[in-house]
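Reader: I am in my first year, and I would like to look closely at one part of this model and then follow its links into the rest. Please go slowly and explain each term as it comes up.

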Amino acid sequence: MTSTTWTCATCGTAHEGLAWVFGPTAPEPWLRASDAQRSQGELNADTCALVDAAGTTNYFVRGHIEIPVTDSDQGPFTWSVWVSLSEASMRTQVDHWNDPARADLAPMFAWLSTYLPYEPPTAPMAARLHSRPPGVVPWIELDPTLDHPLVHEQTHGITLHRVAEINRTLLGANPGDSN
């Protein structure tokens, strides 16, 4: 038996075994925007600005929802997600983007702007963006008072079996199956 092979959307490399990070390359509003709206906006690997149909600019930052895996030493399972920030919070992020003290910024209110494979839907969901040092993706803390499976997983962790289920859902294969 060989493990599942999957190709990383970021690096393009084929990997064996379970994927430990999943997420889209853009926030949901960007994915649903018209070409005209996108032409007025900007998207890179970490930030996004998008002018909506009413002419309002919406700001987004990519961050990680880290979920402890309770029966593995490999580290957390990670959802790479996008959150929307107010203009003032985005300005603070931009002003401190390369500042080593960026990790000392107070957490910022945000709305999760990524749909993940959960019911009920994950967007919009109240969250807080925690900045980390330059080069380290911000950490996203979901509102712990929300009754949602994703919040429960972030708070209490998941098993390696659940990581395999997520892989099967998103990659369409069972880890450990013969190729």
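Author: Helices (runs of H or I, at least four residues) and strands (runs of E, at least two) are taken from DSSP and numbered from the N terminus. The model is a predicted one, in which local features need pLDDT of at least 70 and side-chain atom pairs count only at pLDDT 80 or more, while totals for chains, interfaces and linings use all residues. Residues are numbered from 1 along each chain as its sequence is written, and side-chain values use heavy atoms, with hydrogens and water left out.

Strand β6, which covers residues 57-67, is a useful part to look at, and Asn58 is one of the residues that lie in this strand. With a relative accessible area of 27%, Asn58 counts as partly exposed, a class that sits between buried (under 20%) and exposed (over 50%), as judged with a 1.4 Å probe and protein chains only. If residues up to four places away in sequence are set aside, Asn58 is in contact (heavy atoms within 4.5 Å) with Cys48, Ala49, Leu50 and Asp52. Looking further along the chain, Trp30 is 28 residues from Asn58, and the C-alpha atoms of the two are 9.9 Å apart.

Further along the strand, Arg62 of β6 is paired with Asp46, which belongs to the loop between β4 (42-43) and β5. Side chains of opposite charge can pair when their charged atoms come close. The side chains of Asp46 and Arg62 form a salt bridge, with N and O 2.8 Å apart; the term stands for a side-chain nitrogen of Lys or Arg within 4 Å of a carboxyl oxygen of Asp or Glu. Because its relative accessible area is 17%, Arg62 counts as buried, whereas Asp46, at 25%, is partly exposed. The structure holds eight salt bridges, and a few of the others will appear below.

From β6 we can also enter the largest nonpolar core, a core being a set of buried Ala, Val, Leu, Ile, Met, Phe, Trp, Tyr and Cys residues joined through side-chain atoms within 4.5 Å. This core has 30 residues, and those that touch the most other members are Ile65, Phe77, Trp79, Leu142 and Leu150. At least two residues each come from β6, β7, β8, β9, β10 (139-142), α4 (149-156) and α5 (160-171), and β7 gives the most, with five residues. A separate core of seven residues lies apart from this one, and its members include Ala26, Ala33, Cys48 and Leu50; Cys48 and Leu50 were also among the residues that Asn58 touches.

Leu142 shows how the larger core is joined to β6, since its contacts beyond four places in sequence are Ile65, Leu112, Met125, Ala126, Ala127, Leu150, Val151 and Gln154. On the same strand as this core supplier β10, Glu141 forms a salt bridge with Arg128, the closest N and O atoms being 3.6 Å apart. Glu141 lies in β10 and Arg128 in β9, so the pair ties together parts that are 13 residues apart in sequence. Both ends are partly exposed, with relative accessible areas of 22% for Glu141 and 39% for Arg128.

Strand β6 also helps to cover helix α3, for the cover over the buried residues of that helix includes β5 (47-51), β6, β7 (77-85), β8 (108-112) and β9 (125-130). Those buried residues of α3 (87-95) are Ser89, Met90 and Gln93, while Val94 and Asp95, on the other side, are exposed. The helix has a salt bridge of its own between the side chains of Arg91 and Glu87, with N and O 2.8 Å apart, and these residues are four apart, about one turn of the helix. Arg91 is partly exposed at 46%, and Glu87 is partly exposed at 44%.

Stepping back to the whole chain, there are five helices and 10 strands, and of the 179 residues 40% count as buried. Among contacts between residues at least 6 apart in sequence, 54% join residues at least 24 apart. Elsewhere in the chain, a network of salt bridges links Glu153, Arg162 and Glu165.
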